[in-house]
Amino acid sequence: MAGGWWLVVAGTLTRSEQETEALARELAGTLQAGDVVLLSGDLGAGKTTFVRGLAQGLGIDPADVSSPTFTLLHEYRGGRLTLYHADLYRLDQTATDDLGLEETGVRDGVLAIEWPDRLSHELAGAKLVRLEVVNDASRRITIGPAEAGPYDRR
Ligand code: ADP
Ligand code: MG
């Protein structure tokens, strides 16, 4: 695969919401149309915060980004690429079959998915951002190809 996005980080400790956003901005700079970013981690780990940083990095107003818990798919425009943001928390795996998420990202933008363990099948070539709570203000964030290893199924 072209590019070196997997070299961006391998396990970074962020000590604030702002540092997590800054890390996401860095990743955003490497993204291309059609890219899929999977965000795994517990409630409150910082998945939505990370998406806010992706928006910033793409030149989208981060205030547009909310937790789309009740809206399955949000769409943020006005940046270098359109950012699609899905939160699958409330879905079970069978419900994700017909979402057409694969088709969504490839057209003109980047697709960020919270709770990717709800997906019924893998999305080819996706990047996985794994966020782990270290303590109140710190998170360990690991970014890599989704194929590199199983992420927590929870
Ligand atoms: P999720 O989408 O994973 O449920 P959110 O991004 O909505 O999580 O919330 C993360 C919460 O954790 C926010 O209240 C944020 O202020 C807090 N937080 C504390 N430290 C960090 C950090 N280092 N990175 C990201 N969020 C953090
Ligand atoms: Mg969230």
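Select Thr 48 and ligand 1 together: a polar atom in the side chain of Thr 48 sits 2.9 Å from an oxygen atom of the ligand. The model on screen is a predicted one. Next add Glu 17, where an N or O atom of the side chain is 2.5 Å from an oxygen atom of ligand 1. Then add Thr 14; here the ligand atom is a nitrogen, and a polar side-chain atom of Thr 14 lies 3.1 Å from it. With these residues shown, turn on the surface of the ligand. Ligand 1 taken alone exposes 570 Å², and the protein buries 76% of that.

Now widen the selection to the shell around the ligand. The elements that supply two or more residues to this shell are α1 (17-28) and α2 (47-58). Which element gives the most to the shell around ligand 1? That is α2, with three residues. The shell around ligand 1 has 16 residues, and those that come nearest are Glu 17, Thr 20, Gly 44, Lys 47 and Thr 49. Colour the shell by residue class: three of its residues are nonpolar, seven polar and six charged.

Leave the ligand and select strand β4, residues 82-87. Are the residues of β4 buried or exposed? Six of the six are buried, so the strand is largely enclosed by the rest of the structure. Show the side chains of β4. In a regular strand, side chains alternate between the two faces of the sheet. In β4, Thr 82, Tyr 84 and Ala 86 point one way, while Leu 83, His 85 and Asp 87 point the other way. Residues on both sides of β4 are buried.

Add strand β3, residues 73-76, to the view. β3 and β4 run antiparallel and are joined by four bridges. To find one of the pairings, pick Glu 75, whose bridge partner in β4 is Tyr 84. The two strands form a hairpin with five residues between β3 and β4. In the turn, stop at Gly 78, which has a positive phi of about 100°.

Hide β3 and bring in strand β5, residues 109-114. β4 and β5 run parallel, and six bridges join them. Two places to look are Leu 83, which stands opposite Val 110 in β5, and Asp 87, which has Glu 114 in β5 as its bridge partner. β5 is mostly covered, with six of its six residues buried.

From β5, select strand β2, residues 36-40. β2 and β5 run parallel, with four bridges between them. In this pairing, Leu 38 has Ile 113 of β5 as its bridge partner.

The last stop is a pair of rings. How many aromatic pairs does the structure hold? The structure holds one. Select Tyr 89 and Trp 115: the ring centres are 4.8 Å apart and the planes stand at 40°, so the pair counts as tilted. This pair links distant parts of the chain, with the two residues 26 apart. Tyr 89 is in the loop between β4 and α3 (101-108), and Trp 115 is in the loop between β5 and β6 (127-135). Colour both residues by accessibility. Tyr 89 counts as partly exposed, because its relative accessibility is 31%. Trp 115 has a relative accessible area of 8% and is therefore buried, the cut-off for buried being under 20%.

Key. Residues numbered from 1 in each chain as written. Chains lettered and ligands numbered in written order. Predicted model: local features only at pLDDT ≥ 70, side-chain atom pairs only at ≥ 80, totals over all residues. Heavy atoms only, no water. Near = heavy atom within 4 Å. Polar contact = N/O pair within 3.5 Å; in protein donor to acceptor, adjacent residues only side chain to side chain. Areas by Shrake-Rupley, 256 points an atom, 1.4 Å probe, with all protein chains shown as cover. Nonpolar A, V, L, I, M, F, W, Y, C, P; charged D, E, K, R; others polar. Buried < 20%, exposed > 50% of the residue type's maximum accessible area, 1.4 Å probe, protein only. Pairing = 2+ DSSP bridges. Phe/Tyr/Trp six-rings, centres within 6.5 Å; stacked < 30°, edge-to-face > 60°.
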